[in-house]
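Q: Please take a close look at one single residue in this model. Where is it, what does it touch, and what lies around those partners?

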Amino acid sequence: MTARPRRDALAELAPERTLRRLELQVTRRLDGLLNGEHLGLLPGPGTELAEARLYQPGEDDVRHMDWAVTARTTTPHVRDLIADHELEAWALVDLTPSMDFGTAGMVKRELAVAALAAVGFLTVRLGDRVGAYLQHPGGLRRWPARTGKAALYALLQAVLDARTEPGTGPPAAMAGTTATAGTPHSGLAAAITSLARGQTRRGLRVVISDFLPPGPGAPGADPGTGPDAQPDWESPLRRLAARHQVLAVEVIDPRELDLPDVGLVEMTDPETGAVHEIVLSRRTRERYARAAAAQRAHTRAALRRCGVHHLVLRTDRDWIADVARFAVRQRRAAGRAVSTAGVRP
């Protein structure tokens, strides 16, 4: 698959003046949902105790159970936490070649930038710091946590400009970044482990990826594991979630879920560069759709076992509307009031 020209494709997101337009989109449409408290897309984290409320099975962390109120009322209650100021939000952004695929309004890498922008703009406006680990085909690159919109603009532009060709390492000239320990093609599991080891202060951690397993022959692929095996990133992500509040953003393109009826096509694996000619017959397309649905269900189940928040963004949908719906669900699940006054649909 041939990558389309980068600058024309990013008319909605770059350069700086359009990054500012992206900021206005995020703040205008989400600000009304998230105002009044030191909160972003997710309630918390923090250390100061707030009011007790009824425990919501499947939504609340049992570690926040208020046993005194539970014993007094004989009904399970949890104690909310008021988020601390001067928090650090760290994002892990998948920039491997599979993220340069897209058949709708944008490619997945651009949608990853949008997700990073949604987290970043709602964080820096509160005076908090945003940092990132950028997972390139050749390893990791760490972008230090900084405050201010100028630093966030620079981070977003760096993600847009990063190369993702197979076999290339992190850009050596990327200003403001530092290389992290690790081997080339270490995979998502090693990247999550590096994030957990490198940033131990409690806060928000965001993992932005398509969570697609590497195919046979791809770097990081394990020929001994099947499609139903536990993903290699599950254990590191569970350990990360044990200490931090974690948001997993899954980026999807519609052509990863089903294939069109176009007959003979030539397909290229972006991770390995291997080219195959495939006849997209009805039987082939049905088998592909079943396998894709099973893979997504497998990913959802693994993220649920990790106890992380799961946000799905698609390249053919209004990503801001999806983020807004996610924010509303999280605040309602946390028992907090949601105001939609002044929020543009």
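**A close look at T315**

A: T315 is found in the loop between β11 (309-314) and α9 (319-333). Keep in mind that this is a predicted model. Is T315 buried or exposed? The cut-off for buried is under 20% relative accessible area. T315 has 5% relative accessibility, so this residue counts as buried.

Now look at its partners. The side chain of T315 makes a polar contact of 2.7 Å with the side chain of D253. Beyond its neighbours within four places in sequence, T315 is in contact with I252, D253 and P254, and also with A104, G105, M106, V107, K108 and L111.

K108 and L111 take us to helix α4, which covers residues 108-124. In an α-helix, residues three or four places apart point the same way, because there are 3.6 residues a turn. Helix α4 has 17 residues, so at 1.5 Å a residue the expected span is 24 Å. Its end C-alpha atoms are 24 Å apart, which agrees. Helix α4 is mostly covered, with 17 of its 17 residues buried.

I252 leads to strand β8, residues 245-252. Strands β7 and β8 pair in the parallel sense over six bridges. There, I208 stands opposite V249. Strand β7 also pairs with β3 (residues 88-94), again in the parallel sense, over five bridges. A91 has V206 of β7 as its bridge partner.

How is β7 covered? Both faces are covered. L204, V206 and I208 are buried on one side, and R205, V207 and S209 are buried on the other.

Note on methods. Residues are numbered from 1 along each chain as its sequence is written. This is a predicted model: local features need pLDDT of at least 70, side-chain atom pairs count only at pLDDT 80 or more; totals for chains, interfaces and linings use all residues. Side-chain values use heavy atoms; hydrogens and water are left out. Helices (H or I, at least four residues) and strands (E, at least two) are DSSP runs, numbered from the N terminus. The expected span of a helix is 1.5 Å times one less than its number of residues. Buried means under 20% relative accessible area, exposed over 50%, partly exposed in between (1.4 Å probe, protein chains only). Two strands pair if DSSP finds at least two bridges between them. A polar contact is a pair of N or O atoms within 3.5 Å; within protein, one must be able to donate a hydrogen and the other to accept it, and residues adjacent in sequence count only if both atoms are side-chain atoms. Contact means heavy atoms within 4.5 Å.
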